[in-house]
Amino acid sequence: FRAALSLLVSGVAGSAAPVMLTVAGSDSGGGAGIQADLKACEALGVFGTTALVALTAQNTLGVHAVHPVPAAFVRAQIDAVLGDMGAHAVKTGMLPSEEAIATVAEALDEHAVAIRVIDPVIVAASGDVLAGPAAVAALKRLLLPTATVLTPNMPEAGALLGVAAPTSVEEMRAAAAALLDL
């Protein structure tokens, strides 16, 4: 994610701060989700904007509750930001349902967002599942084919491919090649 933001910053030299919209969940513990995305934006001189798709009650011990934001309100947030400020890039994170993914994909297409950083947040660092099989299928069908940058961790790469998480360098290379074919 930091590498993608660095490229964004270098590609907009001489202009006002580049704008990035992050479409993801809120992490009440502050270590992930929109909170972490905004911290990364700030550190790199990017103006971060947001569209919340879920609220979570989580901390370092795990995810205790997830409250999805209604799809119509997710769309309203995206339209409000992109219709006014625009964005040089959009980064997705936790998208907890097929409906949320379809809403986000449709909005990004209608707003002709060219740079899409897709972070397929499927499993929290604590091991808690954040997106079920229908959401993973929608992610693969609707967002992965449009990704400029795809940033899965090892468990997410395995989930996207329907295999165990890669552990060796050889398995990681094979997974990376297979992800390109999705």
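**Exercise 1. Determine which helices and strands each supply at least two residues of the lining of the largest pocket, and describe that pocket.**

Step 1. Strand 1 (19–27), helix 2 (33–43), strand 2 (47–59) and strand 3 (62–68) each supply at least two lining residues. Helices (H or I, at least four residues) and strands (E, at least two) are DSSP runs, numbered from the N terminus. The model is a predicted one, in which local features need pLDDT of at least 70 and side-chain atom pairs count only at pLDDT 80 or more, while totals for chains, interfaces and linings use all residues. Residues are numbered from 1 along each chain as its sequence is written, and side-chain values use heavy atoms, with hydrogens and water left out.

Step 2. Strand 1 gives the most to this lining, with four residues.

Step 3. The lining comprises 30 residues, and Gly31, Ala32, Gly33, Gln58 and Ala125 lie nearest the centre of the pocket. A pocket is an open set of points on a 1 Å grid over the protein atoms alone, with protein on both sides within 12 Å along at least five of seven lines; a cavity is a set where a 1.4 Å probe fits but cannot get out; lining residues have an atom within 4 Å of a point.

Step 4. The volume is about 590 Å³, taken as the space filled by probe spheres set on grid points joined across faces, edges and corners.

Step 5. By class, the lining has eleven nonpolar, 14 polar and five charged residues. Ala, Val, Leu, Ile, Met, Phe, Trp, Tyr, Cys and Pro count as nonpolar, Asp, Glu, Lys and Arg as charged, and the others, Gly among them, as polar.

**Exercise 2. Characterise the second largest pocket and state which helix gives the most to its lining.**

Step 1. This pocket holds about 220 Å³ of space.

Step 2. Its lining includes Leu144, Pro145, Val149, Leu179 and Leu182. Helix 7 (169–180) and strand 6 (149–150) each supply at least two residues, and helix 7 gives the most, with three.

Step 3. The lining divides into ten nonpolar residues, one polar and no charged.

**Exercise 3. State how many cavities of 30 Å³ or more the whole structure contains, and describe the largest.**

Step 1. The search finds one; the largest cavity has a volume of about 60 Å³.

Step 2. Among its lining residues are Thr92, Ile101, Asp119, Ala135 and Leu139. Helix 5 (residues 133–143) provides the largest share, three residues.

Step 3. Nine nonpolar, two polar and one charged residues form the lining.

**Exercise 4. Analyse the span of helix 3 (residues 71–84) and its buried and exposed faces.**

Step 1. At 1.5 Å a residue, the 14 residues should span 20 Å, and the end C-alpha atoms are 20 Å apart, which agrees. The expected span is 1.5 Å times one less than the number of residues.

Step 2. Ala71, Val74, Arg75, Gln77, Ile78, Val81 and Leu82 are buried. They lie on the same side of helix 3, because they cover an arc of only 160° around the axis, reckoned from the directions from the helix axis to the C-beta atoms. Buried means under 20% relative accessible area, exposed over 50%, partly exposed in between (1.4 Å probe, protein chains only).

Step 3. The face turned away from the buried side carries the exposed residues Ala72, Gly83 and Asp84. The cover over the buried residues of helix 3 includes strand 1, strand 2 and helix 4.

Step 4. Just after helix 3, glycine 86 takes a positive phi of about 70°.

Methods
Contact = heavy atoms within 4.5 Å.
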